[in-house]
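Welcome! Please take a moment to look over the sequence and the 3D view before reading on. The notes below then walk through them topic by topic.

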Amino acid sequence: MLERYRTRDLPRGLEPLAELALDLRWTWNHRADELWNRLDPALWSLTKNPWLILQTVSMPHLLALAEDKEYLERLSEIHELWTKDDGAKRWFSMKYAGGALSKVAYFSMEFGISESLPIYAGGLGILAGDHLKSAEDLGVPLVGVGLLFQKGYFRQVVNDRGEQIESYPYNDPDSLPIVPLRGESGQWLRIPITLPGRILILRVWKARLGRITLYLLDSNDPVNAPMDRGITGELYEGGREMRLVQEIVLGIGGYRTLHALGLSTNVLHINEGHPAFAILERAHIWMLREKGKSFRHALETTRIGNVFTTHTPVPAGFDSFDPVLFHQYFSLYQKEWNLSDRELLALGRQNPDDMGEPFNMAWLAIRGSGFVNGVSRIHGEVSRKIFAPLFSRWPLEEVPVTHITNGIHVPSWLSAASSSFWSEKVPDRKADHDGSSAPAAGIFSISDEEVWDLRMKNRMAMIEGVSRHLTRQRSVRGVLDPLPFLDPNALYIGLARRFTSYKRPNLLLYDHERLLRILAQPDRPVRILVAGKAHPQDVVGKGFIQEWVRFASDPRSHGTVFFLSDYDMNVAQVLVGGADLWINCPRRPWEASGTSGMKILANGGLNCSVRDGWWEEAYAPGTGWAIGEDSSFDDPQRDRRDAEDLYRILEEEVLPEFYGRDSRGVPLSWIARVKKSMATLTPVYRTDRMVREYVEKAYLPAAELFERRQANGGALAHEIEAWREHLAKNWEGIHIGRTVEVIGDSAETSLLECPVWLGEIDPQDVAVEMVAMDPAGGGPFVTAMDRVRTLAGARNGYVYAAAVPSGRPVDDYTLRVVPYREGVRVPLEESRILWQG
């Protein structure tokens, strides 16, 4: 595809500026910052958007820079370095070049890459953006697919009464670091999709992060009806019908875009359920390519190459659609796919026979994927409970949902001082994209004074950024009073997140008087920086904001608590760069992962959080603090007990350690925690580690299995279909003997056997297993049984035997028969199971 830059011609010698400005690596690679600052210091400080600067800088200034030898040399040097980076070998090419994985298509409703491209709402989008960035760092062959929202998520203004006011400024594409995707003859690539009674045309845009491309679809084409032009208007706004149409655009339109580009993607990664219609379009395109194949066969072929990551901790969080509305939009598609209403709706239903059950996007995603994961260890457990109804009679621990814990793209969240610190003090670990997650041991050899000096630099930079933001915020409200003093020697607590009930952003306000006493100690000053948005329809969340604003306005807390409105990536980077303590108080187990606390690790901040999401895995004594205990979810006293524990931690541990200084003024106990946190947690909770896990646990196996399954027109898929049909027809003919006999015993093992009659099913098509449940509630003990002899006088009857650890009563063991076929993921793809008894 031919790129056409939407900017006037640059003077001779400055042409590389356009290429650099459109390469979003500048969001974390700051080599070129000086170039943009020279173009327009004020606009660079306000927007951090090089592409916008190129659109607005005066031609006389550009001509002057074109004569500036020093500027041209620096531009040439930086451009050469970036070009060299493009050709450098990375972790993936050094380890897996020539393997089955050709390219991953990563679909997400939102991407948070930079505030210059505001098409995200919160953590899901930030995670997606960090995923792309680490894929670039690691050299993973991947493309992103999303939507270009005309307004995106709302911008927040908070008035003096604490009321949230939403505004929706227009995202002018000419000011965004993207270009139209054009064909060889220069025409703009447009993708048609079918909606009831009309064809919707989608324009395709392209954003670039080094060698990673993000394709963005946009319905705001003049050829569309006015109503349809607004489909990609706002993110997570509108009713169920608008949400359904957006997800059709993302899933079906997005996969058609890849097909139109001729991209060879053999792994499809669905980030949350929103893009799950891509599963259907992938099967449809394969069906069209392999003429004469059915949609069912195409889905059997392609699903093994699909990866589904769920981020939702409650079933109500999944998008679902009324069957009548669904039929309205999919009746033409199902005719094209030759599927009945029941067949299509069954893909998104728990009970295919319940004709009133809504179509659930998560059910579609799990039924159309070959690998499913949650985003932390706890969330994996929660997700297995959510999806258990789809795997009837399987032990909860064997519901096929694993976990890959989220991370953050460390270079994107490092402060300037922290970036220099890691480069100078621990250079082997700052850019360690292909190393292990082992501790950064070099941190421990750095002197306490140097680490404390880093913390002061970070705090000062944060104060400067907060002061700028608050000054702008107050000017919008017409407040002319001087900004209260932000003491650089105070302890700064950061509390920033989406304001909603389960995140409990107001737990710190549970007892106003006790918090006021903590804030009123002149010898141990504390400042609290609060930020976050509530969904426009979340009345309770808006109430939390009002409570914080009212508390900050109380004369007794004046100058100690600050609410920063319009929380976005820029505000987040300021806060995580300098906060001393990051507080997070979700109701366990509703925090799927959480990543805000990860962002302070490399900057030397400490976490104080409920042990949920990532912090349940990360917390260890000496790295931070854990709030409360793992009490039951519906414990009515949980808020009170957690609040009291939080106050106790602040009063008895945090403040004494932070202000317990030696003769040099260094808080030794505090710095010991900082070092341990930086050294042990930073290398683990990063997207470099996370993406490596996706490659090795999901992408590579998915690519290999897909290539085998689709070879020779999907011949293996045909065999698997026949195998599944045979199982379905004859499963009830299987019988398991009533008793398990001990036929051999030793000090270490017991040999158990039992007869099994398989009816019309070939022994090669099933696995017979011995199972014992863990009385402590852990995973079951499962061992395969061997077919040792044929039962006399029986047809297709056999004795199966297995050696098990001795010491357990034989009554603890139960036989089961499950489907088995090499290359098929059981129970994800075939969930039949027969238990003894």
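What volume does the second largest pocket have? The answer is about 1,100 Å³. Keep in mind as you read that this is a predicted model. Its mean pLDDT is 93, with 97% of the residues at 70 or more.

**The second largest pocket**

- This pocket is lined by 27 residues, and R303, L347, R367, R724 and E829 are the ones closest to its centre.
- Four helices each give two or more residues to the lining: α12 (295-302), α14 (341-346), α15 (361-367) and α27 (687-730).
- By type, the lining holds 13 nonpolar, 12 charged and 2 polar residues.

**A parallel sheet and its helices**

- Try tracing an open sheet of 6 strands, which are paired in the parallel sense and follow the order β17-β16-β15-β18-β19-β20.
- At its edges you will find β17 (561-564) and β20 (624-627), each of which pairs on one side only.
- On average, neighbouring strands here are turned by 20 degrees against each other, with direction ignored.
- For a look at one pair, take β19 (residues 606-610) and β20, which are parallel and share 4 bridges. Within this pair, C608 stands opposite W625 of β20.
- Helix α25 (residues 638-659) packs on this sheet and touches β15 (491-496), β16 (526-531), β18 (581-584), β19 and β20. The direction of α25 makes about 165 degrees with that of β20.
- Helix α26 (residues 668-681) lies across β15, β18, β19 and β20, and runs at about 80 degrees to β19.

**An antiparallel sheet**

- Strands of a sheet pair through backbone hydrogen bonds, and they can do so in a parallel or an antiparallel way.
- A second example to trace is an open sheet of 4 strands in the order β25-β24-β28-β29, where the pairing is antiparallel.
- Why is one side of β25 (781-784) and of β29 (834-835) left without a neighbour in the sheet? Both stand at the edges and each has a single partner strand, so there is no neighbour on one side.
- Strand β24 (residues 766-772) runs antiparallel to β25, and 4 bridges join the two. One residue to find is E769, whose bridge partner in β25 is A784.

**Backbone details in the loops**

- Which peptide bond next to P589 is cis? The bond from R588 to P589 is, with omega near 5 degrees. You can find P589 in the loop between β18 and β19.
- Another cis peptide bond joins V826 and P827, where omega is about 10 degrees. P827 belongs to the loop between β28 (813-819) and β29.
- K48 is a residue other than glycine with a positive phi, near 50 degrees. Look for K48 in the loop between α3 (41-47) and α4 (50-56).

**Where to read with care**

- Over residues 1-6, pLDDT stays under 50. For this stretch the model has 27 contacts beyond four places in sequence.
- Where pLDDT is low, the predicted coordinates should not be read in detail.

Notes: Residues are numbered from 1 along each chain as its sequence is written. This is a predicted model: local features need pLDDT of at least 70, side-chain atom pairs count only at pLDDT 80 or more; totals for chains, interfaces and linings use all residues. Side-chain values use heavy atoms; hydrogens and water are left out. On a 1 Å grid over the protein atoms alone, a cavity is a set of points where a 1.4 Å probe fits but cannot get out, and a pocket is an open set with protein on both sides within 12 Å along at least five of seven lines; lining residues have an atom within 4 Å of a point. Grid points are joined across faces, edges and corners, and a volume is the space filled by probe spheres set on the points. Ala, Val, Leu, Ile, Met, Phe, Trp, Tyr, Cys and Pro count as nonpolar, Asp, Glu, Lys and Arg as charged, and the others, Gly among them, as polar. pLDDT is the predictor's confidence in each residue, from 0 to 100. Contact means heavy atoms within 4.5 Å. Two strands pair if DSSP finds at least two bridges between them. Axes are lines fitted to C-alpha atoms, for helices over the stretch in contact, and angles run from 0 to 180 degrees between N-to-C directions.
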